[in-house]
Amino acid sequence: MAKFITIGERISVTAPAIRRAFEERDPEPILTRCEQQLKAGANYIDVNIGPAESDGEERMQWAVKLLQERFDNVPLALDTSNMKAIEAGIQVYNREKGKPIVNSADAGDRFNRIELAANNDAIVIALCSANGIASDNDERMAHCQRMLEEGLMHGMEAEDLWFDPLFLVVKGMQDKQMEVLEAIKMFTDMGLNSTGGLSNNSNGMPKHIRPIFDSCMLAMAMMQGLTSAIVNPNDQRLMETIKTCDIIKNNNLYADSYLEI
Amino acid sequence: MAFTPKKQAFNAKINAVTLGTGDKSIVIGGENVLPFYTFDAPIANKPRIAVEISDKGLEGCVSDGIKAFYAGCESVVDMAVKAQSMEGASAICLHFESADPNGENKSVEDCVALAKAVADAVEMPILVMGCKNIEKDAQIFNAVSDALQGKNILVLSAREENYKNVGASAGLAYNQKVGAESAVDINLAKQLNVLLSQLGVPDASVCMNVGSSAAGYGFEYLSSTLDRVKAAALAQSDKQLQMPIVTPVSPETWGVKESMSPEEESPEWGSLDERGIEMEVCTASACLVGGSNLVIMRHPAAVATISKFIDSLM
Amino acid sequence: MALKGLDIFKLTPKKNCKECGSPTCMAFAMKVAQGSVSIDKCPHMSAEALATLSESTAPLMKTITVGAGANEHKLGGETVLFRHEKTLVNRNVFAVTLCSCMDDAEIDQKIADIKKVDYERIGEREYVEFLFLNYAGNGADKYVALVNKAMAADRALVLNCADAEVAKAALEVCKAGKPILNGANKDNLDAMNAVATAAGVTLGVTGADISEIYDNIKALEGKGNKNLIVDCTGKDAKETFANAVLVRRGNLKDQDRTLGYPSIVNLAKIAEGDVHMQTALAAAFTLRYGSVIVMESMSYAEALALYGLRQNIFTDPQKPMKVEPGIYALNGADENSVCSLTVDFALTYFLVSGEYERSKCPVNLLITDASGMSVLTAWAAGKFSAGTIKKFFDEADIENKIKSRTLIIPGKVAVMKGEIEAKLPGWNVVVGPMEAVQLVKFIKDFNA
């Protein structure tokens, strides 16, 4: 089994410093956060440039080149609702360290991102919802199947569709958590790859509680077969949990210093 | 319907490590496929053979073939020079058997003097094997690495108990190559590589000795360790196991009764020399197929055969 | 090997017609994978898809049984490529060549040489299991005469003969012994298939390259013959190694059942006249997928190395190799020689007995039943205790068979000294060294 893949989430316009950096084309805050995440063990770096309706294409190309040139062609997840920006980003993307990830498609308005990924030989995160959260796993799996068929029809390998069950916030949707975990198991049983924005589950919780929830949820999800997640790599407890789960799942060989490597 | 075999070349590869200097230097490792799987991708550097020379010379040698090969040699240095002419030899492995404090307890100074004399006389890369006493080996490796600076030698081996000492001297201060030894314990093999790398020894200066045994004598442990190391290094891209593997074959095979029992004691077994050669050939071949990038051997006929074996599969 | 939903989906017509009761083909495939719906609910499944699905429950690699009676051997049936993944099931066998070009005296001599190597190693008989009978094109009479001689040697046979008529004549005399008929190729496929099938024997098939080998297997399977073995021998060692790996890997990893047969590798052909090279190659093919390894000879020198290797490689990783408990008199030990005790783990036995043999000192090595565990493991598990040692002494009748009353125990279980002395009154219990490598010095010092 392959090791768990972490996608670092900290380059995002939701952070004021990053938003300003994108607007002013100021490399430093973006490079700093990228370096921190890579040092902490992130495999992919998510680049959320926001909708960027006016300058998305130029902005994404700037970010892709900035990060890949500085960090040895680090593999990236291109995160925006602006399709043209994603395509522009892929044009300048270097695949040496891994295919680009399109973040994201869904079974609703963003269904056509699957074709976009297929046309550009990219990985796509396929969110199992249409318009709003799926009401149950029957609906989730129906979305999953529709997106999988779409991908295969356009010539994608099934392994390049990473299905996202959509992690739900515990504070408010506590009774739905097991259902999300069961959906991951269904992806696994079908032989599919999976991912998701893990920290959704701990939204609104006190700062010192969030790493605990994120780690526990991650461990339970890995047990169900989750193959990757979008995470904060600077959360040490979480990264240690992932490394330990990878050992227990025999994805990586144990050595006493396993946490340090 | 034509059959097209699926290829299995990996994105990861074994580190390429250079031993020795000049025209006779060799590179081991560098491949991104399983041993001899040339049908998946070309193999960057073929496996090599180092000839083992004891610091005791021919004392205790039971093989007529080995004695005949070194006929006329008056010293260990003579033997080392002669060994370079062995068909299929690429390196000389000087084995300080007599340094053992529980045996002859040859002094560190004497070991260094011998190592220097050998290094001055031979052109092939030099491997230095200790006496298995942890403290003494660390002293020998330290002093020999210092004395042979610039020769790019490989010391065998740093172990869990003395890796700091050996890694810091041979690997860092004197810029030699370090063999990390773990007795068929794959977790320890990985851990030692991590520790050496944390010391600052570059990956390209590290080889692994993941254990050794003769065919028939618990070889399954070695075989499975080799298989698992290569699987982790290539299929799982485990950087801490991508060091090339060096396996001492002859010290094991010439110590079992199949190779040592005199002809008068087991007449039905036939020639002792033949038994020793076959044992060495069989064990070396099995190590190479498992993933050894360099094997250490003694008998000229066995070395020639394994060299031919390697070439025939490349 | 259970199919995943996705694999089943690929076999469905992908029409989403809902006739099966599921909204989409994907939903249907998932239910089939879970076992909640039967595949025949889909009215549009092709016959080929159904055959693929039913085949997927059968083992990937067939087990082929050849030889008869005491010379019966199972070949193939492997489920993994590497022993650490689970275990290897059927050990490879060795064959030695004879030829119809040889005269009677030569044949008799070679059979006599082959029969000389026949011994036991840790509970296994080590010998040449098969005779590999080459047909030199010199007529059926010569070949049948060779087969008759070989039959008298009490070994299983491989008839290496690509001439269907000659093979037929040979099988007339030896088919009851269930030999392998090796030699089917592109040109003689139908005739050889007919001869092998009529005689009810395993057919060895080959081809000019891996692709042709594949086509020939397919063709034979198409005629209903699945009692096959693949002759992987190519023009040289490199091609033979590639063929053996590609056949086994294509079968077990890439799950192509056409390749699910054991193999023959003919080293007498690719390393003719080079005994040492044949040993090197035989070791390689013991590890990498030779089922019947064909040699020009099998002397003791070759056998001691190769059979030792084979025994190691084909041990079950879950089950340690054990030696028989009892008294092993080393270096001419008699009833007055000192006793040394250890466990029945084969590796421990070999290390300890090897070191003692090197010391040349007479020692009665006592091996007690410790379920094949190493010294410390057995001690921790209660399988190597004063109580079990006492029981062993009683059952093996040590006190009457041996007059010496000195017993050396492994240094690692020094803590047991007092308990053993209590259970074995009259014995002087001596703590030996921690490691076997220290035994030579220890026993020499002890005797001094």
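This passage describes the fold of chains A and B, the domains of chain C and the contacts between chains.

The model is predicted; local features require pLDDT of at least 70, side-chain atom pairs count only at pLDDT 80 or more, and totals for chains, interfaces and linings use all residues. Residues are numbered from 1 along each chain as its sequence is written, while chains are lettered from A and ligands numbered from 1 in the order in which they are written.

In chain A, eight strands form an open, parallel sheet in the order β7-β6-β5-β4-β3-β2-β1-β8. Strands are DSSP runs of E with at least two residues, helices are runs of H or I with at least four, and both are numbered from the N terminus; two strands pair if DSSP finds at least two bridges between them. The edges of the sheet are β7 (193-194) and β8 (228-231) of chain A, each of which pairs on one side only. Four bridges join strand β1 (residues 5-12) of chain A to strand β2 (residues 44-48) of chain A in the parallel sense. I7(A) has Y44(A) of β2(A) as its bridge partner.

Helix α1 (residues 16-24) of chain A has I18(A), A21(A) and F22(A) as its buried residues. A residue is buried if 20 or more other C-beta atoms lie within 10 Å of its own, exposed if 12 or fewer do, and partly exposed in between, with C-beta atoms placed from the backbone. The buried residues of α1(A) lie on the same side of the helix, because they cover an arc of only 95 degrees around the axis, the arc being that of the directions from the helix axis to the C-beta atoms. They pack against β1, α2 (27-39) and α3 (56-70) of chain A. Exposed residues P16(A), R20(A) and E24(A) are carried on the face of α1(A) turned away from its buried side. R25(A), just after α1(A), takes a positive phi of about 55 degrees.

Chain B contains eleven helices and ten strands. Its radius of gyration is 19 Å, close to the 20 Å that the globule rule gives for 314 residues, so chain B is as compact as a globular protein of that length. This radius is taken over C-alpha atoms, and the rule is 2.2 Å times the number of residues to the power 0.38. Buried residues account for 59% of the 314 residues in chain B. In helix α5 (residues 163-173) of chain B, the buried residues are Y163(B), V166(B), G167(B), S169(B), A170(B) and G171(B). These pack against α4 (134-147), β6 (154-158), β7 (177-181) and α6 (186-199) of chain B. N175(B), which follows α5(B), has a positive phi near 60 degrees.

Chain C is divided into domain 1 (5-55), domain 2 (63-313) and domain 3 (326-447), with bounds from an automatic or database domain assignment. The C-alpha centres of domain 1 and domain 3 of chain C are 64 Å apart.

Between chains B and C, 44 residues of chain B are in contact with 43 residues of chain C, contact requiring C-beta atoms, placed from the backbone, within 7 Å. On the side of chain B that touches chain C, α10(B) gives the most, with eleven residues. That side has 21 nonpolar, twelve polar and eleven charged residues. Ala, Val, Leu, Ile, Met, Phe, Trp, Tyr, Cys and Pro count as nonpolar, Asp, Glu, Lys and Arg as charged, and the others, Gly among them, as polar. The contact between chains C and A takes nine residues from each chain.

Technical notes:
Contact = placed C-beta atoms within 7 Å.
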